[in-house]
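Colleague: I am new to this structure and would like to go through it slowly, one question at a time. Could you show it to me before we begin?

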Amino acid sequence: MSTPGTAEHLYRDSPLPTLPSPTSPEESRAGTGDERAGDTDGVADIAHQLQQLVVNGSGPRGTIDVDYSWDFLSSAAQAFGRAPELTQVTAGDLRRGYDMQGYKWQGLEDHWLHYMGYRRSVYPQFQGIIHNVNDVRQQARVPELVSDLYSFRYSALGEGFRSQINHFQLRDLVWATSSYDVFFWHADGVHRWNPWMRSRECIVSRRRMPHGFRLSALCADNGMVFAGDHRGRFFVAPLWDSDAENRYPVSIGKLGGDIINHATPSPSSGGAQTVLAAHNSGFLHTIDAETLQIAKSRSFEWAVNSCAQTSDGRMQCVVGDDTAGLVIDARASDHSPPVARLEGHFDYSFSCAFSPDSRLVATGCQDTAVRVFDMRRPDSALAMFCGHIGAMRSVRFSSCGKFLAAAEPADYVHIYDMHGFSQAQDIELMGEIAGATFSPDSGCLFIGVADALHGSGIIEFNRKLP
């Protein structure tokens with residue numbers, strides 16, 4: 001995994017569109033209403049700025065600086081001159097012409113299409129291993145696109161619901177422990193959102209964390225929340241502490257000086273609460289959440305970017321800075337051979353997940369594809385799907401096993417039907433995505449949008465029942 005601010009390859013799989021000379025920001029923002037609907041100069045100015053970032057492949061310090069690239073995208077939105085009109089959106093608002101993020105596009109449909117098209121054309125694609133994205137897409141399935149797997153229910157918008165992303169490659173930062181308990185990382189700490197009561201609370205504030213804590217990994221389950229940071233530090237806090245005076249006590253531990261890339265709850269025999277932590281130094285740690293001690297470690301020859309474990313605790317999946325993912329026996333020793341090698345990736349992977357029945361394992365790769373492997377024949381992917389704008393940064397199975405959610409770094413979350421792999425639903429929005437997660441009953445899907453100008457928030461979808 002890359003350290004923020006260090007050089008990485010940028011790649012475009014097709015020539016950038018030929019654009020007219022950009023106008024000044026003042027000119028691009030001139031006009032309102034119907035005058036702007038037919039004016040594409042502002043969009044050309046946006047695309048020109050983004051084009052310079054991609055073509056030059058560098059920030060002001062001679063490296064590809066992620067904050068710099070995000071600044072360009074934010075400037076693009078600012079030049080676009082639109083702002084959300086609502087702070088909460090319901091299904092009724094969609095029928096009145098608003099989108100999920102509180103924008104009303106009546107009379108500006110063409111402008112929106114231009115803007116989203118240019119975002120797809122010029123959004124930076126980071127590659128650890130140089131490859132041609134067209135080679136990946138030629139191997140991918142093209143499922144039938146449907147809109148009836150999950151339907152929009154509600155958006156809670158604004159800075160209070162803005163997830164914070166501290167590393168551009170680590171996006172698995174939204175967790176749901178029920179349909180009314182959604183946890184996300186905010187600028188002032190870990191927040192809990194109850195979509196049914198429409199209430200939000202900070203359950204672990206920054207003042208109770210180690211000094212300079214910059215979250216890189218988050219998970220919540222089994223009555224606790226676990227968070228890791230860029231310096232190998234972590235904390236564990238119970239979610240339902242009955243002591244009002246000492247609500248949500250925080251226990252702090254440390255793995256080492258390198259970044260914790262990912263964390264996931266780990267089922268354990270004997271009732272102990274454990275967490276799997278993927279460490280950038282090449283380790284998969286099993287952490288006892290009560291003692292804060294490492295119960296077990298496995299080492300690898302590359303940085304471990306993500307990890308997953310089967311529901312029975314027997315097998316674990318690790319993916320990282322290698323083109324092959326590994327499935328290992330959770331009970332085996334450090335040097336035991338893997339149960340399976342998940343081959344076929346063109347680049348490094350940053351997410352993985354097992355299906356509830358442990359039969360399938362999915363990987364999300366920086367080559368823009370999500371691959372699904374059958375553990376009975378894991379030598380090649382059973383199915384492979386590609387996104388629209390960039391890497392697959394987060395993958396999650398629904399607890400019913402029927403659906404797989406895959407989140408790109410921005411603008412798109414995909415829901416794939418695992419029964420036949422023939423259908424998919426594309427959820428299109430605007431802005432950086434912090435993560436996507438199903439509720440434990442599969443009834444809800446929650447998406448965290450971490451974009452100040454496009455309308456940050458938590459967006460909820462409900463499963464459409466037959």
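Modeller: What follows is a set of questions and answers on a predicted model.

Colleague: Why is strand 23 described as largely enclosed by the rest of the structure?

Modeller: Strand 23 covers residues 360-365. L360, A362 and G364 point one way from this strand, while V361, T363 and C365 point the other way, and all are buried. Strand 23 is therefore largely enclosed by the rest of the structure, because the number of its residues that are buried is six of the six.

Colleague: Which residue is the bridge partner of A353 in strand 23?

Modeller: Strand 22, made of residues 349-354, pairs with strand 23 in the antiparallel sense over five bridges. The hairpin of these two strands has five residues between the strands, and S358 takes a positive phi near 70 degrees there. Within strand 23, the bridge partner of A353 is A362.

Colleague: Which residue in the turn between strand 23 and strand 24 has a positive phi?

Modeller: Strand 24, residues 369-374, runs antiparallel to strand 23 and is joined to it by five bridges, with G364 standing opposite V370 of strand 24. The two strands form a hairpin with three residues between them, and the turn residue with a positive phi, of about 80 degrees, is T368.

Colleague: Which strand gives the most residues to the largest nonpolar core?

Modeller: The largest nonpolar core has 45 residues, and those touching the most other members are V190, W193, V204, L218, V225, F226 and F234. The element that gives the most to this core, with five residues, is strand 10.

Colleague: How many residues does the other core have, the one that lies apart from it?

Modeller: In the largest core, V225 touches V190, I203, V204, L218, C219, A220, F235, V236, A237 and L239, leaving aside residues up to four places away in sequence. The other core lies apart from it and includes L157, L429, F438 and I459, its number of residues being 22.

Colleague: Which elements give two or more residues to the lining of the second largest cavity?

Modeller: The structure holds four cavities of 30 Å³ or more, and the second largest has a volume of about 50 Å³. Among the residues that line the second largest cavity are S216, A217, L218, N261, H262 and A263. By class, its lining has six nonpolar, four polar and two charged residues. The elements that give two or more residues to this lining are strand 10 (215-221) and strand 14 (260-266).

Note on methods: Residues are numbered from 1 along each chain as its sequence is written. This is a predicted model: local features need pLDDT of at least 70, side-chain atom pairs count only at pLDDT 80 or more; totals for chains, interfaces and linings use all residues. Side-chain values use heavy atoms; hydrogens and water are left out. On a 1 Å grid over the protein atoms alone, a cavity is a set of points where a 1.4 Å probe fits but cannot get out, and a pocket is an open set with protein on both sides within 12 Å along at least five of seven lines; lining residues have an atom within 4 Å of a point. Grid points are joined across faces, edges and corners, and a volume is the space filled by probe spheres set on the points. Helices (H or I, at least four residues) and strands (E, at least two) are DSSP runs, numbered from the N terminus. Ala, Val, Leu, Ile, Met, Phe, Trp, Tyr, Cys and Pro count as nonpolar, Asp, Glu, Lys and Arg as charged, and the others, Gly among them, as polar. Buried means under 20% relative accessible area, exposed over 50%, partly exposed in between (1.4 Å probe, protein chains only). Two strands pair if DSSP finds at least two bridges between them. A nonpolar core is a set of buried Ala, Val, Leu, Ile, Met, Phe, Trp, Tyr and Cys residues joined through side-chain atoms within 4.5 Å. Contact means heavy atoms within 4.5 Å.
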